[in-house]
Amino acid sequence: MKIRVNEVGPRDGLQGQGKTLSTEARLELIRALVNAGIRHVEAGSFVSPKAVPQMAGTADIFPHLPNTETVRYAGLVPNMKGYELAVAAGARVVNVVLSVTETMNQKNISMSLDQTAQVCTEIVERGRSEGIEVQAYLAVAYECPFEGMVSPEVVARFGRQMQEAGASKIIVADTIGAANPEQVRRVLDVLIPSVPSEKLSCHFHDTRGMALANITAALDRGISEFDSSIGGLGGCPFSPGATGNVATEDVVLLLHSMGYDIGIDPLNLVPVVKFAEELTGVSLGGKSYRWLDQQYRKQRGKSGHGR
Ligand code: COA
Ligand code: ZN
């Protein structure tokens, strides 16, 4: 079975960093990821630079993205203005974000839940009429940092709405990394009758160290696409307490060792983790990183990392 690993470090990972990288440095990180074998990348977001200065200049990144024939790049948009900027910059895939609670939308994009659902529907429909693929994130799908536990039925309702509007993919996001495998199964079991598993993807943060366990629960429900960020880079500025996304090297190693076809050698990611550390000045690396670095040294005769 083929599994897609979608790298979100250049967006979800970088948006919360203390250090704002230049667009050239962001492009270099993307080039390093692509050279390591990554084929799906969320390359940035088209949002207000006042709200998220780390993502300023995404429009300058898109025209320079490498290997666009073989790599699928997406850009996140919070509203119609973002959609228009993304398309003008050359994006062929855009991601909308529908947080499934009222307060999260207010904090994130200053819109009500109803307004956000409406805007996301309009963007999905416009994308369809203009040949642009629109994927819909269902954010805070397990627990909201402001409103607490979320009912799976609410997630299913918005999933259905995005599916009916024509979203190409519905991505169930554990924005604050609060889910456990039992909750993952419950949400997917309620969602899958409305949105088939092949149209679903899962996005986990590793705040409580359960992201890999959650991925295996989702695999058991037939999910074949997962978001991750290199080195576990991340932490949403609008979700208090959230830490980074599940690390790409952990997800790739997990899937690789379980025998799934992902087309990425986990060792190739070792120097990319190091490079992301150099760029951000933050110490990175998923749970498997030390071991992977040792293997890298043994097999390739050089250090992937100085630590
Ligand atoms: N891209 C760039 N600029 C945008 C924009 C977009 N998609 N949407 C609005 N703006 C600009 C407006 O033109 C305006 O600019 P000005 O101050 O120079 O006139 C400014 O942003 C404020 O616009 P306004 O419509 O009043 O919105 P707001 O201040 O309520 O902010 C958002 C709303 C959605 C633009 C802002 O909250 C945002 O970008 N949030 C993104 C948060 C995020 O990325 N979260 C993580 C991923 S989900
Ligand atoms: Zn996230």
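**Exercise 1. Contacts of ligand 1**

Task: In this predicted model, find how far an oxygen atom of ligand 1 is from an N or O atom in the side chain of Lys50. Then describe the surroundings of ligand 1.

Solution.
Step 1. The distance from an oxygen atom of ligand 1 to an N or O atom in the Lys50 side chain is 2.6 Å. A polar contact is a pair of N or O atoms within 3.5 Å, and the Lys50 pair falls inside that limit.
Step 2. Turn to the nitrogen atoms of the ligand. A polar side-chain atom of Asn79 is 2.9 Å from a nitrogen atom of ligand 1. With Gly82 the backbone is involved: one of its N or O atoms lies 3.3 Å from a nitrogen atom of ligand 1.
Step 3. Consider the surface. Ligand 1 exposes 920 Å² when taken alone, and the protein buries 65% of that.
Step 4. List the neighbours. There are 19 residues around ligand 1, and those that come nearest are Ser48, Lys50, Asn79, Lys81 and Asn108.

**Exercise 2. The place of ligand 1**

Task: State which pocket ligand 1 sits in, and which elements give two or more residues to the shell around ligand 1.

Solution.
Step 1. The site of ligand 1 is the largest pocket.
Step 2. Two or more residues of the shell come from helix H4 (80–88) and from helix H5 (102–109).
Step 3. H4 contributes the most to this shell, namely three residues.

**Exercise 3. The zinc site**

Task: Name the residues that coordinate the zinc ion (ligand 2), and say where Asp12 and His205 lie along the chain.

Solution.
Step 1. The zinc ion (ligand 2) is coordinated by Asp12 through OD, and by His203 and His205 through NE2, at 2.0 to 2.1 Å.
Step 2. Written as a spacing along the chain, the donors follow D-x190-H-x1-H.
Step 3. Place Asp12 and His205. Asp12 belongs to helix H1 (residues 9–13), whereas His205 is in the loop between strand S9 (200–204) and helix H9 (211–220). The pair is 193 residues apart and links distant parts of the chain.
Step 4. Check accessibility: Asp12 and His205 are both buried.

**Exercise 4. Positive phi values**

Task: Asn67 and Ser110 each have a positive phi without being glycine. Give the angle, place and accessibility of Asn67 and of Ser110.

Solution.
Step 1. For Asn67, phi is near 50 degrees. Asn67 lies in the loop between helix H3 (58–61) and strand S3 (72–77). Its relative accessibility is 42%, so Asn67 counts as partly exposed.
Step 2. For Ser110, phi is about 55 degrees. The loop between H5 and helix H6 (113–130) holds Ser110. Exposed means over 50% relative accessible area, and Ser110, at 60%, is therefore exposed.

**Exercise 5. Apart in sequence, distance in space**

Task: For Leu233 with Ala276 and Arg185 with Ala217, give the separation in sequence and in space. Also state whether Leu233 is buried or exposed.

Solution.
Step 1. Leu233 is found in the loop between strand S10 (225–228) and helix H10 (248–257). Buried means under 20% relative accessible area; Leu233 has 1% and is therefore buried.
Step 2. From Leu233 to Ala276 there are 43 residues in sequence, and 8.3 Å in space from C-alpha to C-alpha.
Step 3. Arg185 is in helix H8 (residues 181–191). With 24% relative accessibility, Arg185 counts as partly exposed.
Step 4. Arg185 and Ala217 are 32 residues apart in sequence, with a C-alpha to C-alpha distance of 6.3 Å.

How values were computed
Residues numbered from 1 in each chain as written. Chains lettered and ligands numbered in written order. Predicted model: local features only at pLDDT ≥ 70, side-chain atom pairs only at ≥ 80, totals over all residues. Heavy atoms only, no water. Donors = N, O, S within 2.8 Å, 3.2 Å for Na, K, Ca; no water. Helix = DSSP H or I, 4+ residues; strand = E, 2+ residues; numbered from the N terminus. Buried < 20%, exposed > 50% of the residue type's maximum accessible area, 1.4 Å probe, protein only. Near = heavy atom within 4 Å. Polar contact = N/O pair within 3.5 Å; in protein donor to acceptor, adjacent residues only side chain to side chain. Areas by Shrake-Rupley, 256 points an atom, 1.4 Å probe, with all protein chains shown as cover. 1 Å grid on protein atoms, 1.4 Å probe; cavity = no way out; pocket = protein on both sides within 12 Å on 5 of 7 lines; lining within 4 Å. Sits in = over half its atoms within 2 Å of the grid points.
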